[in-house]
Amino acid sequence: MGVLQLITLLILVSAGISYINQRFIKLPGTIGIVAISVVLSVIIVIVGKTNNELAAKIRAASDSMNFSSILLDVMLGFLLFASALHFDYQKLRKQQWSVFALSTLGVLLSTLLFGTFLYHLSGLFGINLSLIYCFIFGALISPTDPIAVGSILKRSKISEKLSTVIAGESLFNDAVGLLLYILLLELVHKPDVVISFNTIAGLLIHEVLGGIVIGLVIGYVGYMLIKSIKDFQTILLISIALVLGISMLAGFFNASVPLASVTAGLIIGNNSFHEDKVSDDFLLRIWKLIDEVLNTILFAMIGLQMVAMPFLREYWMLSIFAIMIILIARIISVSLPALFLLGKINFNNLFILSWAGLRGGISIAMALSLPDSPYKEGILSGCYFIVLFSIIVQGLSLNKLITVLKDREV
């Protein structure tokens, strides 16, 4: 399938699903799109079993949509830049230590707990999983997804403070998860390698520091260029070129695209360009529209991934375990940093913070990029069901949880 055909198919399917949801189902945007996509996937799978020719065409179209490549190489920079563009840096500064603790210590704890629990629990039920792959699974599923989190928080009744902490955590914890992911894969491919301080420092410099520096430089250059003109068309083109330049440079220097995009977005979004604010408002509105359109396409693709995973039914028990374990790991990994920072725990906020930690397409994309192994299908299945559970179940019940906990405070 050609590039034009692929783009056309993605937009047609996403537009159709979005229309059905808005016209008939009327679920919150992200949740409705994923739910309808999953139902559509199930219908396609059932029809495919009775029509081999149709099944072959659908599978060919699905294979053409390289989800991992489309998300990580194309969409991720745009989505994170758009999210950071609308993020209030002053609010982030007030919660900086909470965000830092959750996006670093929280991810490390969650990875360790998830991998350990999954390994022992799967062993009790006779499911064969390597310990190192359990930790790899933990590394790719522990970071909360900024795209999923952002789309749910937009329609949430959560307090401003908690919203800032959850959104800020999701913007920065991908770098830690990716670092763990790379280090653990090194242990798999090179069993004799010693993960030393130099190895970790090298990855930190390339991934974290490199991403921040690229974001700072390109963000500042973009800001100065936009500030010097008032033509709307040129301003938009500069901002798009900025995001594409970040993805290209970060890929060339093996730096973190998420961190670079977030850094540049914070610089552009938290500085005023012109006194009349017209151009500033235009830029924010256009990028909000881009964000919503790309989100619709992304979540439709997440739901439709079921078509590309015929092995899902073989790992339903592992997937149930994975959902339960990630919820437990999330609660513990949120509680300990809170106890360390504050010396006490607000249990209502703890439950909200834990339940609002959603997983999304980035985790699936990382799982899809795993090298072939006897454990890949199990990890991919577990990851897929965790993402569906977090978006549909957690996302749909978040406001109800917030309301119940607020009522108990009265």
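**Figure 1. Glu-160 and its salt-bridge partner Lys-91.** Let us start with Glu-160, which is exposed in this predicted model, its relative accessible area being 52%. Its side chain meets that of Lys-91 in a salt bridge, with N and O 3.3 Å apart. This pair ties together distant parts of the chain: Glu-160 belongs to helix H9 (residues 160-189) and Lys-91 to helix H5 (residues 89-94), with the two positions 69 residues apart in sequence. Lys-91 is partly exposed, at a relative accessible area of 31%. Searching the whole structure gives four salt bridges, and two further ones appear in the views below.

**Figure 2. Glu-169 and Arg-330, a buried charged pair.** Here the side chains of Glu-169 and Arg-330 form a salt bridge at 2.8 Å, N to O. Distant parts of the chain are linked once again, with Glu-169 coming from helix H9 and Arg-330 from helix H14 (residues 316-342), 161 residues apart. Both partners are buried. Keep this pair in mind for the cavity view, where Glu-169 and Arg-330 return as lining residues.

**Figure 3. Lys-376 and Asp-372, a buried residue paired with an exposed one.** The closest N and O atoms of this salt bridge are 3.9 Å apart, which still counts because the cut-off is 4 Å. Lys-376 is buried, having a relative accessible area of 17%. Asp-372, in contrast, is exposed at 73% relative accessibility.

**Figure 4. The largest cavity and its lining.** By the rule used here, one cavity of 30 Å³ or more is found, and the largest cavity holds about 50 Å³ of space. What lines the largest cavity? Its lining consists of Leu-102, Gly-106, Val-107, Ser-110, Ser-142, Glu-169, Arg-330, Ser-333, Val-334 and Arg-359. Helix H6 (96-124) and H14 each contribute at least two of these residues, and H6 provides the largest share, with four. Sorted by class, the lining has three nonpolar, four polar and three charged residues. Among the charged ones are Glu-169 and Arg-330, whose side chains meet in the salt bridge of Figure 2.

**Figure 5. Helix H16, mostly covered.** How many of the eight residues of H16 are buried? Seven of them are, in a helix that spans residues 361-368. The buried residues are Gly-361, Ile-362, Ser-363, Ile-364, Ala-365, Met-366 and Ala-367.

**Figure 6. Cys-134 and Cys-383, two cysteines without a bond.** Why is there no disulfide between Cys-134 and Cys-383? The sulfur of Cys-134 has its closest cysteine sulfur in Cys-383, 14 Å away, so the gap is too far for a bond. Seen from the other side, the closest cysteine sulfur to Cys-383 is that of Cys-134. Both residues are buried, with Cys-134 at 1% relative accessibility and Cys-383 at 0%. The whole structure holds zero disulfides.

**Figure 7. Lys-26 and Asn-254, two loop residues with positive phi.** Most residues other than glycine have a negative phi, and this view picks out two that do not follow that trend. Lys-26, which is not a glycine, has a positive phi of about 60°. It sits in the loop between helix H1 (3-25) and helix H2 (29-50) and is exposed at 59% relative accessibility. Asn-254, also not a glycine, has a positive phi of about 55°. Its place is in the loop between H11 and helix H12 (257-269), and at 48% relative accessibility Asn-254 counts as partly exposed.

**Figure 8. Ile-240 in helix H11, with Trp-287.** Ile-240 lies in helix H11, which runs over residues 232-252. At 25% relative accessibility, Ile-240 is partly exposed. Between Ile-240 and Trp-287 there are 9.4 Å in space, C-alpha to C-alpha, and the two are 47 residues apart in sequence.

**Figure 9. The whole chain, for orientation.** Stepping back from the close-ups, the chain has 17 helices and zero strands. Its C-alpha atoms fill a box of roughly 65 × 55 × 55 Å along the principal axes. The radius of gyration is 21 Å, which agrees with the value near 22 Å for a compact globule of 410 residues. Of those 410 residues, 50% count as buried.

Notes:
Residues are numbered from 1 along each chain as its sequence is written. This is a predicted model: local features need pLDDT of at least 70, side-chain atom pairs count only at pLDDT 80 or more; totals for chains, interfaces and linings use all residues. Side-chain values use heavy atoms; hydrogens and water are left out. Buried means under 20% relative accessible area, exposed over 50%, partly exposed in between (1.4 Å probe, protein chains only). A disulfide is a pair of cysteine sulfur atoms within 2.5 Å. On a 1 Å grid over the protein atoms alone, a cavity is a set of points where a 1.4 Å probe fits but cannot get out, and a pocket is an open set with protein on both sides within 12 Å along at least five of seven lines; lining residues have an atom within 4 Å of a point. Grid points are joined across faces, edges and corners, and a volume is the space filled by probe spheres set on the points. The radius of gyration is taken over C-alpha atoms; the globule rule is 2.2 Å times the number of residues to the power 0.38.
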